[in-house]
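Q: Got a minute to go through this one with me? I'd like to start with a charged side chain and work outwards.

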Amino acid sequence: MRKLKSFGIIAVALIIISTLLFTGCNYDASSKVTGATLNEKGELVINYADGKTEILDDKSEDSNSAEGTNDIALATSNGLRSSVSIFCEFVDEASAYYSAGSGVIIKLDKEKGNAFIVTNYHVVYSSKFEGGISNKINVYLYGSEYADMGVEATYVGGSLYYDIAVLYVEGSDLIKNSCALVADVADSDNVSVGQTAIAIGNAEGLGISASS
């Protein structure tokens with residue numbers, strides 16, 4: 001059963017669990033990653049020092065790729081594509097101020113450009129603002145964090161106690177033409193100490209980034 005109890009952590013930093021370690025004792029310099037890009041299909045392309053490339057979304061046996069699939073890189077790619085940056089404005093007659101945070105796409109209809117996003121309540125709420133909830137919420141997809149690429153979102157509901165809020169985006173052309181994904185929410189009871197975790201979020205409001 002998928003459990004929603006981990007959403008409070010996921011909304012700030014998307015935690016993706018993998019059973020493989022990023023490096024081992026027998027490190028081969030020729031397998032060093034020298035770069036990574038997203039192609040026109042939204043697939044993550046990894047470049048290696050020996051000149052090989054690997055398309056992580058390509059499962060075909062005859063693909064021109066390094067031997068084996070790097071599950072950490074694939075998990076990171078998918079996590080980035082299911083994450084968003086969130087920026088809120090609070091404006092009234094007395095003052096204007098802003099907040100920033102991270103969000104996770106939990107439901108997506110790319111054909112219609114619709115999405116439900118989970119974030120933290122404190123990102124969209126301020127007790128100093130009349131009404132509490134921000135009167136302008138913009139979300140930015142990974143790789144589209146530019147001033148003119150914000151997608152307006154509406155507040156659906158949330159809980160101050162659990163620090164969780166749900167946002168809704170409707171009819172966005174940016175989402176229709178994006179490589180966005182729905183987050184794969186796992187069972188937190190299956191997480192063990194020592195597994196590799198990748199944290200993804202909008203740290204300091206500087207845009208989506210990932211760290212291991």
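Q: Is Lys176 buried, partly exposed or exposed?
A: Lys176 counts as partly exposed, because its relative accessibility is 35%. Keep in mind that this is a predicted model.

Q: Which residue does Lys176 form a salt bridge with?
A: That's Asp173, and the closest N and O atoms are 3.6 Å apart.

Q: Where do Lys176 and Asp173 lie?
A: Both are in helix 4, which covers residues 173-176. They're three residues apart, so about one turn of the helix.

Q: And Asp173, buried or exposed?
A: Exposed, since its relative accessibility comes to 52% and the cut-off for exposed is over 50%.

Q: How many salt bridges turn up in the whole structure?
A: A search of the whole structure finds one.

Q: OK, switching to aromatics. How many aromatic pairs are there?
A: Six, from a search of the whole structure. Take Phe87 and Tyr140: their ring centres are 5.7 Å apart and the planes sit at 80 degrees, so that pair is edge-to-face.

Q: Why does the pair of Phe87 and Tyr140 tie together parts that are 53 residues apart in sequence?
A: Because Phe87 lies in strand 5 (residues 83-91), while Tyr140 lies in strand 8 (residues 136-141).

Q: How covered are those two rings?
A: Tyr140 is buried, with a relative accessible area of 11%. Phe87 counts as partly exposed, at 31% relative accessibility.

Q: What about Tyr121 and Tyr155, how are their rings arranged?
A: Edge-to-face, because the planes are at 70 degrees, with the centres 6.4 Å apart. This pair also links distant parts of the chain: Tyr121 is in helix 3 (residues 121-124) and Tyr155 is in strand 9 (residues 151-159), 34 residues apart.

Q: Which cluster do Tyr121 and Tyr155 belong to?
A: Ring pairs link them with Tyr125 into a cluster. As for exposure, Tyr121 counts as buried at 10% relative accessibility, whereas Tyr155 counts as partly exposed at 29%.

Q: Back to strand 5 and strand 8. How many bridges join them?
A: Six, and the two strands run antiparallel. To give one contact point, the bridge partner of Glu89 is Lys136, in strand 8.

Q: What do the strands build together?
A: Six of them form a closed barrel, running 5-6-7-10-9-8 with antiparallel pairing. From one strand to the next, the twist averages 40 degrees.

Q: How many helices and strands does the protein chain have?
A: Four helices and twelve strands.

Q: One more residue: where is Tyr142?
A: Tyr142 is in the loop between strand 8 and strand 9. Its relative accessible area is 34%, so Tyr142 is partly exposed.

Q: Which residues does Tyr142 touch?
A: Leaving out residues up to four places away in sequence, Tyr142 touches Leu80, Ser83 and Ile208. Also, the C-alpha atoms of Tyr142 and Ser178 are separated by 9.5 Å, with their places 36 residues apart along the chain.

Q: Last thing, can you give me the overall numbers?
A: Sure. Of the 212 residues in the protein chain, 38% are buried. The accessible surface comes to about 12,400 Å², and 52% of that belongs to carbon and sulfur atoms. Among contacts between residues at least 6 apart in sequence, 57% join residues at least 24 apart.

Methods. Residues are numbered from 1 along each chain as its sequence is written. Side-chain values use heavy atoms; hydrogens and water are left out. A salt bridge is a side-chain nitrogen of Lys or Arg within 4 Å of a carboxyl oxygen of Asp or Glu. Buried means under 20% relative accessible area, exposed over 50%, partly exposed in between (1.4 Å probe, protein chains only). Rings of Phe, Tyr and Trp (its six-membered ring) pair if their centres lie within 6.5 Å; planes under 30 degrees apart count as stacked, over 60 as edge-to-face and the rest as tilted. Contact means heavy atoms within 4.5 Å. Accessible areas come from the Shrake-Rupley method with a 1.4 Å probe; for residues, only the protein chains shown count as cover. Two strands pair if DSSP finds at least two bridges between them. Axes are lines fitted to C-alpha atoms, for helices over the stretch in contact, and angles run from 0 to 180 degrees between N-to-C directions.
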